[in-house]
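Okay, everyone, thanks for coming. Let me put the structure up, and then I'll walk you through the parts I wanted to show.

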Amino acid sequence: MHLDDDARRLLDGAGGDAARKSMEILVALGTIYDAGRLIPVRSAQISGVSYANLGDAGLELLEDWARDGRVACPSTLNPAGMDLVAWRAMGIPQEFADRQLRIVRAYERMGVVPSCTCTPYFAGNRPAPGEHVAWSESSAVTFANSVLGARTNREGGPSALAAALCGRTPEYGLHLDEPRAPQVLVRVETVLPSAAHWGALGVALGRLAPGRVPLVELRGEAPGSAGAPAEEHLMALAAALPTFGGPSIFHVAGVTPEAGRYPRPADGAAVGPREIDEAFASLDDGAEPELVFVGCPHASLPTLRRVAGLLGGRPVRRTLWVATSRAVREQAAREGLVAAIEASGGLVVADTCFVVAPLAGRFRSAVTDSAKGCFYARGPNAMKVRLATLEECVEAALG
Ligand code: F3S
């Protein structure tokens, strides 16, 4: 891989220890993937934030890097293991909170914005089409590639941090044209009226064409719809697709920015009501939910408006948690939405997600409108799950 003088200086330690280690990571990655060069990135989105995942070893490593590491491009953070302000309301132990706050402070010393969200595109980090970025967190990566038309590989926490500190990344994979081209044409012959249905589509695509870039053609017509899926629907597909075996990019004909850029694939597949029903059934363990959670990926402002509207001031009978970014929570608070949801007994948490929060053992079952959320609630948190529409989730919370 070609290295320019600047990169060589960083590799020689002229930019400090953290930058040297970062450049070593980038060079190793570039060598493994046969990249020709390093390219500048406009932003980084860094995962590896929750103390539940990092532990003391990760915390110490970050504090070590924060001695002289400083970001070279705008950089944002993935969710932490708790709401950084209202962690007591989540039942987070003091010891966990202390360590979690030290992790976030270490990132801040490096110049990373403590946005703590998997929807950085709602929190000031929204790349333009064609921009190269280095993002981690599969739903954010897939949304950036597919919906925004930006270019990023699915970075891990260390490689995203390395890219942030050096301001560049090796040019391979989804930074290039060819790996972004669709490989299978998928006709969707049914309506997809909710985010849960779009998540179910991600489950079906992962089964029908694992690892292959889909070009989705929408044939079903949503009654009364103007035809274009809502951004929340595309977020749900971006979250589900890589979770269930698909790639970190998709195209939707007439909707996403690169859908018409490449030749139509010769290979075809179809998704009808049966495949969508099967996807829902595969995410239904048949248990009464103890927890209702919304906001995987982090809820948009329109979703918070819908939750407040659906609650309509009625009291919840089951635990209802809505996760969002702090930026969106503040906007929602100004509209009175946070107060409305919390007056009903729900909790609007920021900075965290229910996968990286230490919830194991606290709830045995959950209902959510996120297919990705179901997958991870089943895994690390060992819950029984059910995928449902937002309306059904709110109904379940109301009991
Ligand atoms: Fe975001 Fe956590 Fe879901 S990072 S996409 S809320 S699993």
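So, look at the second largest pocket: helix 7 (195-208), helix 8 (231-243), strand 11, helix 10 (301-311), helix 13 and helix 14 (390-398) each supply at least two residues of its lining. Before I go on, keep in mind that this is a predicted model. The lining of this second largest pocket comes to 28 residues, and the ones nearest the centre are A195, E232, H233, T303 and D369. Its volume is about 320 Å³. By class, the lining has 15 nonpolar residues, eight polar and five charged.

Where does the second largest pocket lie with respect to domain 2 (181-281) and domain 3 (285-398)? It lies between them, because both domains give residues to its lining.

Now turn to the largest pocket. That one holds about 470 Å³ of space. It's lined by 24 residues, and if you want the ones closest to its centre, click on N78, E137, V355, V356 and K372. Which elements give two or more residues to this lining? They are helix 5 (138-148), strand 5 (154-155), strand 11 (291-299) and helix 13 (371-378). Strand 11 gives the most, with three residues. On the chemistry, we have eleven polar residues in this lining, nine nonpolar and four charged. As for domains, domain 1 (5-175) and domain 3 (285-398) each put in at least three residues.

Notice that strand 11 and helix 13 have come up for both pockets: they're in the list for the largest one, and they're in the list for the second largest one too.

Strand 11 turns up once more when we go to the cavities. How many cavities of 30 Å³ or more does the structure hold? Three. The largest cavity has a volume of about 50 Å³. Around it you'll find F293, G295, C296, A323, C353, F354, V355 and G373. Strand 11 has the largest share of that lining, with three residues. Six of the lining residues are nonpolar and two are polar, with no charged residues in the set. And V355, which lines this cavity, is also one of the residues closest to the centre of the largest pocket.

Okay, rings. The count comes to nine aromatic pairs. One of them is F244 with F375, an edge-to-face pair, 5.4 Å centre to centre and 75° between the planes. This pair links distant parts of the chain: F244 is in the loop between helix 8 and strand 9 (251-252), F375 is in helix 13, and they're 131 residues apart. Are these two rings buried or exposed, or something in between? F244 is buried, since its relative accessible area is 18% and the cut-off for buried is under 20%. F375 counts as partly exposed, at 37% relative accessibility.

Another pair to look at is W321 with F363. Why do we call it edge-to-face? The planes of the two rings are at 80°, with the centres 5.6 Å apart, and anything over 60 degrees goes in that class. Here too the pair links distant parts of the chain, with W321 in strand 12 (residues 319-324) and F363 in the loop between strand 13 (347-350) and strand 14 (365-368), 42 residues apart. W321 and F363 are both buried. They also belong to a cluster, where ring pairs link F293, W321, F354 and F363. F293 and F354 should sound familiar, as they're among the residues lining the largest cavity.

A few single residues before I stop. S22 is in helix 2 (residues 17-32), and it counts as buried, at 0% relative accessibility. Which backbone oxygen does the side chain of S22 reach? The one on A18, at 2.8 Å.

Then there's G156, in the loop between strand 5 and helix 6 (157-166). G156 counts as partly exposed, at 32% relative accessibility. If you take it together with D284, the two are 128 residues apart in sequence and 30 Å apart in space, C-alpha to C-alpha.

Last one: R386, which sits in strand 15 (residues 384-387). R386 is partly exposed, with a relative accessible area of 26%. Between the C-alpha atoms of R386 and A360 there's a separation of 17 Å, and along the chain these residues are 26 apart.

That's what I had, so over to you.

Key
Residues numbered from 1 in each chain as written. Predicted model: local features only at pLDDT ≥ 70, side-chain atom pairs only at ≥ 80, totals over all residues. Heavy atoms only, no water. 1 Å grid on protein atoms, 1.4 Å probe; cavity = no way out; pocket = protein on both sides within 12 Å on 5 of 7 lines; lining within 4 Å. Points joined across faces, edges and corners; volume = space filled by probe spheres on them. Helix = DSSP H or I, 4+ residues; strand = E, 2+ residues; numbered from the N terminus. Nonpolar A, V, L, I, M, F, W, Y, C, P; charged D, E, K, R; others polar. Domains from an automatic or database assignment. Phe/Tyr/Trp six-rings, centres within 6.5 Å; stacked < 30°, edge-to-face > 60°. Buried < 20%, exposed > 50% of the residue type's maximum accessible area, 1.4 Å probe, protein only. Polar contact = N/O pair within 3.5 Å; in protein donor to acceptor, adjacent residues only side chain to side chain.
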